[in-house]
Amino acid sequence: MFDAYQLEVRRTAIDGLSARDDILLGAIGLCGESGEVAELVKKHVFHGDQLDRTLLIGEMGDVLWYLAHLANTLGISLEDVAARNVEKLRRRYPDGFPR
């Protein structure tokens, strides 16, 4: 699934940027979109706003797009990122996260 998604992200990325600018676009875009996710959650938790799940899913998709773009730019597979993260979590928390 991630491999197909990364191909779709590549199709919709800005063409012709330098490697440096592609990296910056991915990293800065990731920060910006993560901030939009955080803002929606903050308004829900601290201001009592209704959590708009459709809007939240859209913003989370934007986070995923920039993450995939950054991975593409660096020649990293999201499948590999996910697998390594699972391995790390299993090592760190073999019995699940303690409460």
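The following exchange goes through Asn-72, Ser-77 and the helices around them in a predicted model.

Modeller: Local features in this predicted model need pLDDT of at least 70, side-chain atom pairs count only at pLDDT 80 or more, and totals for chains, interfaces and linings use all residues. Residues are numbered from 1 along each chain as its sequence is written, and side-chain values use heavy atoms, with hydrogens and water left out.

Biologist: Why is Asn-72 called buried?
Modeller: Buried means under 20% relative accessible area, exposed over 50%, and partly exposed in between, with a 1.4 Å probe and protein chains only. Asn-72 has 16% relative accessibility, so it counts as buried.

Biologist: What makes Ser-77 partly exposed?
Modeller: The value for Ser-77 is 26%, and therefore it counts as partly exposed. Ser-77 is in the loop between H3 and helix H4 (78–92).

Biologist: What joins the side chains of Asn-72 and Arg-10?
Modeller: A polar contact of 3.2 Å. The term requires a pair of N or O atoms within 3.5 Å; within protein, one must be able to donate a hydrogen and the other to accept it, and residues adjacent in sequence count only if both atoms are side-chain atoms.

Biologist: Which residues does Asn-72 touch, leaving out those up to four places away in sequence?
Modeller: Gln-6, Val-9 and Arg-10. Contact means heavy atoms within 4.5 Å. With the same exclusion, Ser-77 touches Asp-3 and Gln-6.

Biologist: Why is H1 called roughly perpendicular to H3?
Modeller: The axes of helix H1 (residues 2–12) and H3 cross at roughly 85 degrees and come within 9 Å. Axes are lines fitted to C-alpha atoms, for helices over the stretch in contact, and angles run from 0 to 180 degrees between N-to-C directions. Under 35 degrees counts as roughly parallel, over 145 as roughly antiparallel, 65 to 115 as roughly perpendicular and the rest as oblique. The crossing angle therefore makes H1 roughly perpendicular to H3. Asn-72, which lies in helix H3 (residues 53–74), is among the H3 residues that meet H1. Helices here are DSSP runs (H or I, at least four residues), numbered from the N terminus.

Biologist: What makes H2 roughly antiparallel to H3?
Modeller: The axes of helix H2 (residues 19–47) and H3 come within 8 Å and cross at roughly 160 degrees. That angle is why H2 counts as roughly antiparallel to H3.

Biologist: How far apart are the C-alpha atoms of Ser-77 and Phe-2?
Modeller: They are separated by 7.8 Å, although the two residues are 75 residues apart along the chain.

Definitions and conventions. Helices (H or I, at least four residues) and strands (E, at least two) are DSSP runs, numbered from the N terminus.
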